[in-house]
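I opened a new notebook page for this protein chain. My aim was to look up its fold, its core and a few single residues.

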Amino acid sequence: MTVIALTACQSSGAMPEERPALLSNAGQPVLQELQEVAARVSGFSEVLLSGTDWTQDSDVVLERRHQRSPQGDLIQGRDIEKPHRLRLLKRGDECLLIDLGTGRSETLHQVLCHVK
């Protein structure tokens, strides 16, 4: 019985809990890192974010840009790809970004965040 209790205590402290978070710092280096990491975890070649993303909600939804003709008109066609929902998470002292659809995640190094 003692061995089981000790094992349970040791394994429960191994990984800090991941909790939805909000952005605590801003600026060009932070926005640049968020755009690069968002592109990698979502699989998009490029991502355009606003400076206010993740400041009021821990989730941001990304979708592909609609194709336009050389004249600027929308090209008709169906876009069957689902949007990507990215969540900012706090795990211990780290902030990370995860694509909720694919489960791909990456730790952020310049970003500071706080639990929502």
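The entries below go from the whole chain to single residues.

**Entry 1. Confidence**

I noted at the outset that this is a predicted model. I looked up the mean pLDDT of the protein chain and got 85, with 79% of the residues at 70 or more. I then checked residues 1-11, where the pLDDT is below 50. Beyond near neighbours in sequence, that stretch makes zero contacts in the model. I draw nothing further from residues 1-11.

**Entry 2. Overall layout**

I counted two helices and six strands in the protein chain. Read from the N terminus, the order is α-β-α-β-β-β-β-β. The chain has 116 residues, and 33% of them count as buried. I also looked at contacts with a separation of 6 or more: 58% of these join residues 24 or more positions apart. The accessible surface came out at about 8,200 Å², and carbon and sulfur atoms hold 51% of that.

**Entry 3. Helix α2**

I checked the length of α2 (28-42). Its 15 residues should span 21 Å at 1.5 Å a residue, and the end C-alpha atoms are 21 Å apart, so the two agree. I listed the buried residues of α2 as V30, L31, E33, L34, Q35, V37, A38, A39, V41 and S42. I noted that E33 and Q35 are on that list. Which elements cover these buried residues? I found that the cover includes β1 (18-23), β2, β3 (84-91), β4 and β5 (105-108). Just after α2 comes G43, with a positive phi near 90°.

**Entry 4. The nonpolar core**

In soluble globular proteins, nonpolar side chains tend to be buried together. I searched for such a group here, and the largest nonpolar core has 22 residues. The residues with the most contacts inside this core are L34, L49, W54, L62, L88, L97 and L108. I then looked up which elements feed the core: β1, α2, β2, β3 and β4 each supply at least two residues. α2 gives the most, with seven residues.

**Entry 5. W54**

I took W54 next, as it is among the core residues with the most contacts. W54 sits in the loop between α2 and β2. Is this loop residue buried or exposed? W54 is buried, because its relative accessibility of 2% is under the 20% cut-off. Leaving out residues up to four places away in sequence, I found W54 touching L22, L23, L34, L49, D59, V60, L86, R87, L88 and L97. I also looked at the backbone: W54 has a positive phi of about 65° although it is not a glycine. Most residues other than glycine have a negative phi.

**Entry 6. S58**

S58 lies in the loop between α2 and β2 (59-62). Its relative accessibility is 4%, so I entered S58 as buried. Apart from neighbours within four places in sequence, S58 is in contact with P20, A21, L22, L86, R87, L88 and K116. I picked out R87 from that set: the C-alpha atoms of S58 and R87 are separated by 5.4 Å, with the two residues 29 apart along the chain.

**Entry 7. The disulfide**

How many disulfides does a search of the whole structure find? I found one. C95 and C113 form the link, with their sulfur atoms 2.1 Å apart. The angle about the S-S bond is -110°, and the link is left-handed. C95 is in strand β4 (residues 94-99) and C113 is in strand β6 (residues 113-115), so I looked at accessibility on each side. C95 counts as buried at 3% relative accessibility. C113 is buried too, with a relative accessible area of 7%. The pair links distant parts of the chain, 18 residues apart.

**Entry 8. L112**

L112 is in the loop between β5 and β6. Its relative accessibility is 53%, so I entered L112 as exposed. Not counting residues up to four places away in sequence, L112 touches L22, L23, S24, N25 and C95. I last looked up the spacing to E94: the C-alpha atoms of L112 and E94 are separated by 8.0 Å, and the residues are 18 apart along the chain.

How values were computed:
Residues are numbered from 1 along each chain as its sequence is written. This is a predicted model: local features need pLDDT of at least 70, side-chain atom pairs count only at pLDDT 80 or more; totals for chains, interfaces and linings use all residues. Side-chain values use heavy atoms; hydrogens and water are left out. pLDDT is the predictor's confidence in each residue, from 0 to 100. Contact means heavy atoms within 4.5 Å. Helices (H or I, at least four residues) and strands (E, at least two) are DSSP runs, numbered from the N terminus. Buried means under 20% relative accessible area, exposed over 50%, partly exposed in between (1.4 Å probe, protein chains only). A disulfide is a pair of cysteine sulfur atoms within 2.5 Å. The expected span of a helix is 1.5 Å times one less than its number of residues. Accessible areas come from the Shrake-Rupley method with a 1.4 Å probe; for residues, only the protein chains shown count as cover. A nonpolar core is a set of buried Ala, Val, Leu, Ile, Met, Phe, Trp, Tyr and Cys residues joined through side-chain atoms within 4.5 Å.
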